[in-house]
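Colleague: Before I use this model, I would like to know how its descriptive terms were arrived at. Could you go through them with me?

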Amino acid sequence: MKFFVDTADIDAIRRLNEMGMVDGVTTNPSLIKKSGRDILEVTKEICDLVDGPVSAEVVATDYDQMMKEGRHLAQIAPNICVKVPLTWDGLKACKTLSDEGTKVNVTLCFSPNQALLAAKAGATYISPFIGRLDDIVLDGMELIRDIREIYDNYDFRTQILAASIRSANHMKEAALIGADVATAPPNVIEGMVKHPLTAAGLDAFVKDAADAGIKIV
Ligand code: E4P
């Protein structure tokens, strides 16, 4: 499973990238707002930093304006992936941009049928939002499972980008189901290293090494 980092925080992207944990980056208008930076400037900086796809989202909701914005974003760097919402106009923009050779991430997916439409429209990525479904007491992971089955039934090449990931457990479940990519905030990716038995075991080893005077160099 590829890891995308879901942030516009340059320091966090750099930190994870140095560890080989960044196969791509996703942003959205809320993350850009949080960064306090200009969208074009911060997106360019991210594209220069990472080799993989960087999703930048349009803010228009009608096809013509989405196309203007999408084409403008696509010029930022060769690794831009234009993010469009899962609406009829968004799917139309997805089809046109994909036909033009631009990578497209269709976002705000909450149902298997929406994912089916995005694949038919030529999306490079479909972003089903796990956490937001869990928030309303539905099963976000069931959506990932359903899309995996549907895409495999028909050999769709659209990649499942599990999004709105809130925990290390979401990462594990998405990987078990076979999501192609998971995009998660930096703290979730970093939190995956933690296990109480690792911490307790290390404490004991450090103590025993000190007690025994073990010195390697
Ligand atoms: C995905 O591309 C979105 O940016 C993101 O995963 C949304 O996550 P949230 O529901 O935690 O805001």
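What follows is a short exchange on the helix pairs and the ligand shell of this predicted model.

Colleague: Why are helix 4 and helix 5 called oblique to each other?

Modeller: The axes of helix 4 (residues 63-74) and helix 5 (residues 88-99) cross at roughly 40°. Angles under 35 degrees count as roughly parallel, and 65 to 115 as roughly perpendicular. The angle falls in neither range, so the two helices are oblique to each other. The axes come within 9 Å, and the crossing of helix 4 past helix 5 is right-handed.

Colleague: Which residues of helix 4 and helix 5 meet?

Modeller: From helix 4 they are Tyr63, Met66, Met67 and Gly70, and from helix 5 Asp89, Gly90, Lys92, Ala93, Thr96 and Leu97. This contact has five nonpolar, three polar and two charged residues. Gly counts as polar.

Colleague: What makes helix 1 and helix 3 roughly parallel?

Modeller: The axes of helix 1 (residues 10-18) and helix 3 (residues 39-49) cross at roughly 10°. That is under 35 degrees, so the pair is roughly parallel. Ile10, Ile13, Arg14 and Asn17 in helix 1 meet Glu45, Ile46 and Leu49 in helix 3. Four of these contact residues are nonpolar, one is polar and two are charged.

Colleague: How many residues of the shell around the ligand are polar?

Modeller: Seven are polar, two are nonpolar and two are charged. Among the residues that surround the ligand are Asp6, Arg132, Phe129, Ala163, Thr26 and Ser127. Asp and Arg count as charged, and Phe and Ala as nonpolar.

Notes:
Residues are numbered from 1 along each chain as its sequence is written. This is a predicted model: local features need pLDDT of at least 70, side-chain atom pairs count only at pLDDT 80 or more; totals for chains, interfaces and linings use all residues. A residue is near a molecule or strand if its C-beta atom, placed from the backbone, lies within 6 Å of it. Axes are lines fitted to C-alpha atoms, for helices over the stretch in contact, and angles run from 0 to 180 degrees between N-to-C directions. Helices (H or I, at least four residues) and strands (E, at least two) are DSSP runs, numbered from the N terminus. Angles under 35 degrees count as roughly parallel, over 145 as roughly antiparallel, 65 to 115 as roughly perpendicular and the rest as oblique. A crossing is left-handed if the near helix is turned anticlockwise from the far one by less than a right angle, and right-handed if clockwise. Two residues are in contact if their C-beta atoms, placed from the backbone, lie within 7 Å.
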